[in-house]
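Dear colleague,

I am passing on the structure below, and I would be glad if you looked it over before reading what was found in it.

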Amino acid sequence: MTTTDAPATRRPTSSELVAAAGVVALGVSALLPVDHIEDGPVICPFRRLTGLPCPGCGLTRSWTYLTHGWWQDSLQAHPFGPLLALVAVLLAVAVVRARVRRTPPPSLDRLVRHPVSVAVIVVWLGWAVVRAVLAL
């Protein structure tokens, strides 16, 4: 009697899931109408509870402006929005490239612990604290 092994399925890694979420978010941003993006509801739970912006407040508007080619408005909505969009695209490219080459995808943990990533995160959080204090 022979047994047939089912093909091995590989579960998506965290970097693949984050890359997919980034691509989906950019796609949704491209579909949102840019003319009324400032009129939308406040969807941030932190802002709804406290009235203060969280570190991510403005990213939806920033990516919507960005995907419609409104660079200055994108930067005004959130100065880290275009950078985060670039990171999402680069991560997606790296993940697809790894899939095509049948190599392991990039380690999200290793990417986040990179000194450049840590520096960007520290600056981002510092900016967010200043923005929240100025909003008081």
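**Helix α7 and its two sides**

On one side of α7, Pro115, Val122, Val123, Val129, Val133 and Leu134 are exposed, while Trp124, Ala128, Arg131 and Ala132 in this helix are buried. Because the buried residues cover an arc of only 95° around the axis, they lie on the same side of α7. Please keep in mind that this is a predicted model. Among the elements that cover the buried residues of α7 are α3 (59-67), α4 (71-77) and α5 (81-101). The helix itself, residues 115-134, has 20 residues and reaches 29 Å from its first C-alpha to its last, which is close to the 28 Å expected at 1.5 Å a residue.

**Pockets**

The largest pocket has a volume of about 650 Å³, and of the 19 residues that line this pocket, Leu84, Val87, Leu111, Val112 and Ser117 are the closest to its centre. Its lining draws at least two residues from each of α1 (14-31), α5, α6 and α7, with α5 giving the most, namely seven residues. By class, this lining has 17 nonpolar, two polar and no charged residues.

The second largest pocket holds about 450 Å³ of space, and Pro41, Val42, Ile43, Thr60 and Arg61 are the closest to its centre of the 18 residues that line it. Here α3 gives the most to the lining, with three residues, and the lining divides into 10 nonpolar, five polar and three charged residues.

**A loop residue**

Arginine 102, in the loop between α5 and α6 (108-112), has a positive phi of about 60° although it is not a glycine.

With best regards

Methods. Residues are numbered from 1 along each chain as its sequence is written. This is a predicted model: local features need pLDDT of at least 70, side-chain atom pairs count only at pLDDT 80 or more; totals for chains, interfaces and linings use all residues. Side-chain values use heavy atoms; hydrogens and water are left out. Helices (H or I, at least four residues) and strands (E, at least two) are DSSP runs, numbered from the N terminus. The expected span of a helix is 1.5 Å times one less than its number of residues. Buried means under 20% relative accessible area, exposed over 50%, partly exposed in between (1.4 Å probe, protein chains only). The arc is that of the directions from the helix axis to the C-beta atoms. Contact means heavy atoms within 4.5 Å. On a 1 Å grid over the protein atoms alone, a cavity is a set of points where a 1.4 Å probe fits but cannot get out, and a pocket is an open set with protein on both sides within 12 Å along at least five of seven lines; lining residues have an atom within 4 Å of a point. Grid points are joined across faces, edges and corners, and a volume is the space filled by probe spheres set on the points. Ala, Val, Leu, Ile, Met, Phe, Trp, Tyr, Cys and Pro count as nonpolar, Asp, Glu, Lys and Arg as charged, and the others, Gly among them, as polar.
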